[in-house]
Amino acid sequence: MSKLTYLDIETTPNEGYFWRCGYKINIQPNNISRERAMICAAWAHDDGKIEVADDLILWDNGVIDDSLIVKKLAEAVEDSTILVHHNGDKFDIPWINARLRYHGYDTIGPKRSIDTYKVVKSKYNMNSFRLDYVAKYFGVGRKIKSDYQWWVDIMEDNENCDASFAKMVKYNKMDVEVLRDVFKKIEPDITYNWYNIIEDINDPCVGCGHEGPHQHRGVVPNQTTGYERYTCKSCGKWMRGPNKKEHRRRVL
Ligand SMILES: [Zn+2]
């Protein structure tokens, strides 16, 4: 069973009719002529190799069928404990779930998630919180850039479709690699209580596995209980002990 599963999806745009171009244009759902779908999905369990679901079917009648992709993806994450994604709480996960339900499958069950977008946004002051920017900022940027034409080729199922699809899949896989690199970079600052709690100062670091004892960093007292705080001597990760009554805020 994997502890962390990194995942990312690529999607098609909707296709539709609109009367003019410009800003502040109002496009309603009934302007859609062809519903968007998933193009491919990539994921990796812990430090394992990056896997991909690229079983996209383009039917002759123009229907984009992503049923095999979403099924494969759902099966891949079924036993995962924590899903790691960039803005996936808002985008990827509900997107995947909508497609799963649409095709008559069960959605991804309730799981812990670490949304690296939320982490960087809450912890750092940066010019942009997009994955490509964050990755570049931390020196783990990607090597290839996406091209709008890939989406056009796939949507049109033209003579370049296969080549563009292959590039999209490669890009998708690279995004997961980048996501994992970003996660490792920012891991010391991921402070979800359920993620960085250790029972004892001698327990291994939740980030890098380095053996304790860790650096003691004081007590965080609260109203009725409180906890001890530590940092890993190897990777610097912040950790906390369990809530204990003896650490409560003392009032005279
Ligand atoms: Zn560590």
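Q: Leaving aside its neighbours within four places in sequence, with which residues is Ala41 in contact?
A: In this predicted model, Ala41 belongs to the largest nonpolar core, a set of 40 residues, and is among the four that touch the most other members. Leaving aside neighbours within four places in sequence, the contacts of Ala41 are with Leu7, Ile9, Val52, Ala53, Ile69 and Leu73.

Q: Which residues belong to the second, separate core?
A: In soluble globular proteins, nonpolar side chains tend to be buried together. Apart from the core of 40 residues, the chain has a separate core of 5 residues. Among its members are Cys205, Val206, Cys232 and Met239.

Q: Of the contacts between residues at least 6 apart in sequence, what percentage join residues at least 24 apart?
A: The protein chain has 252 residues, of which 27% count as buried. Its secondary structure consists of 6 helices and 12 strands. Among contacts between residues at least 6 apart in sequence, the share joining residues at least 24 apart is 60%.

Q: Are helix 3 and helix 6 parallel or oblique to each other?
A: The axes of helix 3 (residues 116–123) and helix 6 (residues 161–186) come within 11 Å and cross at roughly 40°. Angles under 35 degrees count as roughly parallel, and 65 to 115 as roughly perpendicular. The angle of roughly 40° fits neither range, and helix 3 and helix 6 are therefore oblique.

Q: How many nonpolar residues are in the contact of helix 3 with helix 6?
A: The crossing of these two helices is left-handed. Helix 3 contributes Thr116, Val119 and Val120, while helix 6 contributes Leu179, Val182, Phe183 and Ile186. By class, the contact has no charged residues, 1 polar residue and, as the number asked for, 6 nonpolar.

Q: Are helix 5 and helix 6 antiparallel or oblique to each other?
A: The axes of helix 5 (residues 148–156) and helix 6 come within 8 Å and cross at roughly 130°. An angle must be over 145 degrees to count as roughly antiparallel, and the range from 65 to 115 is roughly perpendicular. Helix 5 and helix 6 are therefore oblique.

Q: How many charged residues are in the contact of helix 5 with helix 6?
A: On the side of helix 5 the residues are Gln149, Trp150, Asp153 and Ile154, and they meet Cys161, Ser164, Phe165, Lys167 and Met168 of helix 6. The contact has 5 nonpolar and 2 polar residues, and its charged residues number 2.

Q: Is Gln223 buried or exposed?
A: Gln223 lies in the loop between strand 10 (215–221) and strand 11 (226–231). It touches Arg248 and Arg249, not counting residues up to four places away in sequence. A residue with 12 or fewer other C-beta atoms within 10 Å is exposed. Gln223 has 8 and is therefore exposed.

Q: Which residues does the cis peptide bond join?
A: Most peptide bonds are trans. In the loop between helix 6 and strand 10, where Pro213 is found, a bond with omega of about 0° is cis. The residues joined by this bond are Gly212 and Pro213.

Q: Is Asp157 exposed or partly exposed?
A: Asp157 is found in the loop between helix 5 and helix 6, and its phi is positive, near 50°. A residue is exposed with 12 or fewer C-beta neighbours and buried with 20 or more. Asp157 has 15 inside 10 Å and therefore counts as partly exposed.

Definitions and conventions. Residues are numbered from 1 along each chain as its sequence is written. This is a predicted model: local features need pLDDT of at least 70, side-chain atom pairs count only at pLDDT 80 or more; totals for chains, interfaces and linings use all residues. Axes are lines fitted to C-alpha atoms, for helices over the stretch in contact, and angles run from 0 to 180 degrees between N-to-C directions. Helices (H or I, at least four residues) and strands (E, at least two) are DSSP runs, numbered from the N terminus. A crossing is left-handed if the near helix is turned anticlockwise from the far one by less than a right angle, and right-handed if clockwise. Two residues are in contact if their C-beta atoms, placed from the backbone, lie within 7 Å. Ala, Val, Leu, Ile, Met, Phe, Trp, Tyr, Cys and Pro count as nonpolar, Asp, Glu, Lys and Arg as charged, and the others, Gly among them, as polar. A nonpolar core is a set of buried Ala, Val, Leu, Ile, Met, Phe, Trp, Tyr and Cys residues joined through C-beta atoms within 7 Å.
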